[in-house]
Amino acid sequence: ARQSYLFKDKSIKQIPLILDSNFWKPVNKKFSKEFFEVNENEKLLVFGADNFIKNERKGFNFLNSLIMKLKENNNLKLLLFGEKNQSKIDQYIKSNELEKKIINLGSIKDKFTLKLIYSAADVVMVPSLLESFGLVGYEAIHCGAPCVVFKNTGLSSIIDHKETGYVA
């Protein structure tokens, strides 16, 4: 903004992202994985976004090749949340014989479940093409889950590459 012609002479302030750090902190990983019936030796990949089938900018389409690799790797599971159209996801899982590899939680309304999801995660994927803030990633890193994000989104400013996640 400071480098732009329109805003170079204007007062520019950064508004910090506020998160209740007394709440958003890790829960025991073993307990969290057991809650979702995931073996502690399995790697749990997490993807969550509101209505991610219709909202293409959330990047679910980037996970297609990964999802097919779930069949080949016995140590991987994928947990999905946020999609309101449960039947479409369940149909996809069933048609690709991924019932034992994908956990579909649908729309999550409470922060306690989200905290358990992030705490159970070995990695949270946020492949959004356009993301000004990225609440999922922000909450996840506070719960100890590394995040994979794209550069030039809001999350690339809070994810430290190879420290709190990966910036692609």
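**Overall dimensions and largest pocket of the predicted model**

The chain has a radius of gyration of 17 Å, which agrees with the value near 15 Å for a compact globule of 168 residues (taken over C-alpha atoms; the globule rule is 2.2 Å times the number of residues to the power 0.38). The model is predicted, so that local features need pLDDT of at least 70 and side-chain atom pairs count only at pLDDT 80 or more, whereas totals for chains, interfaces and linings use all residues. Residues are numbered from 1 along each chain as its sequence is written, and side-chain values use heavy atoms, with hydrogens and water left out.

Along the principal axes, the C-alpha atoms fill a box of roughly 60 × 35 × 30 Å. The chain contains 5 helices and 6 strands, taken as DSSP runs (helices H or I, at least four residues; strands E, at least two) and numbered from the N terminus. Their order along the sequence is α-β-α-β-α-β-α-β-α-β-β. Of the 168 residues, 42% count as buried (under 20% relative accessible area, 1.4 Å probe, protein chains only).

The largest pocket holds about 350 Å³ of space. A pocket is an open set of points on a 1 Å grid where a 1.4 Å probe fits, with protein on both sides within 12 Å along at least five of seven lines; lining residues have an atom within 4 Å of a point. The lining comprises 21 residues, with Gly 48, Ala 49, Asp 50, Phe 81 and Val 136 nearest the centre. Strand S1 (43-48), helix H4 (111-120) and helix H5 (135-142) each give two or more residues to this lining, and H5 gives the most, with 4 residues.

Note on methods: Grid points are joined across faces, edges and corners, and a volume is the space filled by probe spheres set on the points. Buried means under 20% relative accessible area, exposed over 50%, partly exposed in between (1.4 Å probe, protein chains only).
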